[in-house]
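I opened this model to look up a few points and note them down. The entries below follow the order in which I checked them.

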Amino acid sequence: AMAGVFPEAFTQDEIKAIQKYDLTESRKLLAEAGFAGGLELEFIFPGKSYGEAYITSMELLQAQLKKAGINMTLKSLDKADESERKKTNNYTLTHTSKSLESDVDSYLFNVFHPSSKGNYGGTNDPVLTELLLSQRRETDPKKRLDIVRQAGKRIYDQAHALALYA
C-alpha cells in the first residue's frame, strides 16, 4: 500500500521497489541520523475505542519497527484526548484510518492539503500541493492517474505518511 493513492495505482512490484525492505540499510540510516543505539518513539492511540484488531495491528507495527532499531512505545489515551492531540499536532506517531471514498481525492486532499482540517500531520509541501490541485483539474483519466502516482511517490519520498495496509 502507498499513502494517497488507490491500491491499484501501483503494482505490487512497483511498491516493493519504492518501499524496500532492507533492515541493514534502515539501521545504517538511523546511525547516520545520530541514532546508532536505536530510536525511541511514542505512539498514541485511543485505548480500546477501535477494538482489539486495531491494537493488534499497532503491536505488529511495533514488532516490525523493533527489527530496524526503532523502539515504539504504545501510549493508550482516552479517545477525546487522542483526538485533540492529533488535531493540535501534539504527538510523535499515530495511526489514522482513512477510507477512500468514490474518488482518491477524498483522501489525498483531505489528508495532505495545507488548508484541510484533516491534515493532522501539518503537511505543507508546495510541490505536493500543486500535484493535489493538478489532479483535481485533470479530466483525462490516464493523465490524472500519472499525477496521482507522482503525488503518492512524493508523499513517500518526503515521509509525509506511510500506508500500512489497504
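Entry 1, a loop serine. I looked for serine 116 and found it in the loop between H5 and H6. The model is a predicted one. Is serine 116 buried or exposed? Its relative accessibility is 16%, and the cut-off for buried is under 20%, so serine 116 counts as buried. I then asked what serine 116 is in contact with, leaving aside neighbours within four places in sequence. I noted Phe109 and Asn110.

Entry 2, helix H5. I went back to H5, which covers residues 105–112. Six of its eight residues are buried, so I put the helix down as mostly covered. I listed the buried ones as Asp105, Tyr107, Leu108, Phe109, Val111 and Phe112. What covers them? I found that the cover includes helix H6 (126–137) and helix H7 (141–157).

Entry 3, helix H6. I took H6 next and counted twelve residues. From first C-alpha to last, H6 reaches 17 Å, close to the 16 Å expected at 1.5 Å a residue. I wrote down Leu128, Thr129, Leu131, Leu132, Ser134 and Gln135 as the buried residues of H6. Their cover includes H5 and H7. At the N-terminal end I found aspartate 125 as the cap of H6. A side-chain oxygen of aspartate 125 lies 3.0 Å from the backbone nitrogen of valine 127.

Entry 4, helix H7. I checked the length of H7 against its residue count. With 17 residues at 1.5 Å a residue, H7 should span 24 Å, and its end C-alpha atoms are indeed 24 Å apart. The buried residues in H7 are Arg144, Ile147, Val148, Ala151, Gly152 and Ile155. Why do I say that they line one face of the helix? Looking down the axis of H7, I see the buried residues fall within an arc of 140 degrees, so they line one face. These buried residues pack against H5 and H6. On the other side of H7 I noted Lys142 and Lys143 as exposed.

I also looked at both ends of H7. At the start, a side-chain oxygen of aspartate 140 reaches to within 2.9 Å of the backbone nitrogen of lysine 142. Just after H7, I found alanine 159 with a positive phi of about 55 degrees.

Entry 5, the sheet. I traced an open sheet of three strands in the order E2-E1-E3, and the pairing is parallel. Which strands are at the edge? They are strand E2 (70–76) and strand E3 (93–94), each of which pairs on one side only. Strand E1, residues 39–45, pairs with E3 in the parallel sense over two bridges. I followed isoleucine 44 to its bridge partner in E3, which is threonine 94. I then noted helix H3, residues 52–67, lying across E1 and E2. H3 runs at about 160 degrees to E2.

Entry 6, a glutamate. I looked up glutamate 32 and found it in helix H2, residues 23–32. I asked whether glutamate 32 is buried or exposed. At 57% relative accessibility it counts as exposed, because the cut-off is over 50%. My last look-up was a distance from glutamate 32 to serine 102. The two are 70 residues apart in sequence and 42 Å apart in space, C-alpha to C-alpha.

How values were computed. Residues numbered from 1 in each chain as written. Predicted model: local features only at pLDDT ≥ 70, side-chain atom pairs only at ≥ 80, totals over all residues. Heavy atoms only, no water. Buried < 20%, exposed > 50% of the residue type's maximum accessible area, 1.4 Å probe, protein only. Contact = heavy atoms within 4.5 Å. Expected span 1.5 Å × (residues − 1). Arc of directions from axis to C-beta. Polar contact = N/O pair within 3.5 Å; in protein donor to acceptor, adjacent residues only side chain to side chain. Pairing = 2+ DSSP bridges. Axes fitted to C-alpha atoms, helices over the stretch in contact; angles between N-to-C directions.
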